[in-house]
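Hi everyone, thanks for coming. Let's look at how two chains meet.

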Amino acid sequence: MTQNAPASRGESSLTPAGLRGVVSDWSADKQAFPVPWGKAMMWIFLLSDTFIFTCFLTGYMNVRISTTVPWPNPSEVFALDIAGAHIPLILIAIMTMVLITSSGTMAMAVNFGYRRHRANTTALMLITAAFGATFVAMQAFEWTKLIVDGVRPWSNPWGAPQFGSCFFMITGFHGLHVSAGVVYLSVVASRVWRGFYDRKGSYETVEIAGLYWHFVDLVWVFIFAFFYLW
Amino acid sequence: MDQIAVPEPAVAQPHAVTQPQAVTHSHAEGQQHPIKVYLIIWALLFVFSTFSYLVDYFHLHGVLRWSLIILFMLLKAGCIVAIFMHMAWERLALKFAILVPPLFLLILIGLMAIEGDYTFLTRLAAFLR
């Protein structure tokens, strides 16, 4: 199939691979990244978002190191009593699984998009958005539970007061990303269904939306590890 | 394009009549990989997530806990970026442009860890006085 690829993106058989490819991509008189501009810009946006989330997590690390009061044990804080059993961190584990599932359906949606299966792409994107909405709903439940328990950005019943501010800031900003992603995916899904990308002749927008969604999942991997498990 | 794509007969396309030009484009575009690859990575992500949850469930502590958490975190992050986000198939120039800048964040993290320790010691000294 590669011999049919459009030459306008700079991919030619003369372009070397590896480090020589890096040099030739940057020094040749052509577009540096042979990808659609929207994709390159989404990657650069995600790079900037990486810096924002790293700043949040680094700030959290800093206050957790510097506090002289014991840090609340997340394993206990986020435990739930289900059917009489006390299960630590169970809600967070389910939220993680929901987000990973949504990432998988999104990857399939991108795949079906490039195969021009319009119905499958639309359905998988809407399923992805539904999983995202489920995630946000579970997060709202989690916030409600913690606020009822007495967690505030300035205090909490279990230990270091910085716990609340870190929790609300980091998970809140991530939840905002998920919510925005649900809207984004719904808009793109409705355009897929109406055949917008068939008329445009390219499904790259689906892949770009997918990049955003996978990034949201990626950030959760780090939040899960550093905030909930540490 | 000289290649005429064959429309999929099995998929219902209620709006197909309105876009006759849709079938004239070549299918050779973007990132196309076997669905099997995605399913394997999907399964792996579930396995890694379960393992990292079990680290907490079995109350592992100390270096073992931290190293396992970071190991599973990096494995998951690698799977997502490389396969789901297609970074493994991009050209090296894009890989460098996106993946190298975050490495500089390690400097920030290192500096803030030192700073946090310093603040902690300062507080101890102030409170113990």
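Okay, one term up front: a salt bridge is a side-chain nitrogen of Lys or Arg within 4 Å of a carboxyl oxygen of Asp or Glu. Here, B:Arg91 makes one with A:Asp25, with the closest N and O atoms 2.7 Å apart. The count between chain A and chain B is 2 salt bridges.

Some housekeeping: this is a predicted model, where local features need pLDDT of at least 70, side-chain atom pairs count only at pLDDT 80 or more, and totals for chains, interfaces and linings use all residues. Residues are numbered from 1 along each chain as its sequence is written, chains are lettered from A in the order in which they are written, and side-chain values use heavy atoms, leaving out hydrogens and water.

So what does the interface look like? On chain A, 79 residues are in contact (heavy atoms within 4.5 Å) with 70 residues of chain B. Together the chains bury about 6,700 Å², 69% of it on carbon and sulfur atoms; that's the accessible area (1.4 Å probe) that two parts lose on being put together, summed over both.

Now the largest nonpolar core, with 91 residues. By that I mean buried Ala, Val, Leu, Ile, Met, Phe, Trp, Tyr and Cys residues joined through side-chain atoms within 4.5 Å, and buried is under 20% relative accessible area (1.4 Å probe, protein chains only). A:Phe227 is among the members that touch the most others. Leaving aside residues up to four places away in sequence, A:Phe227 touches A:Tyr60, A:Pro74 and A:Phe78, among others.

Notes:
Buried < 20%, exposed > 50% of the residue type's maximum accessible area, 1.4 Å probe, protein only.
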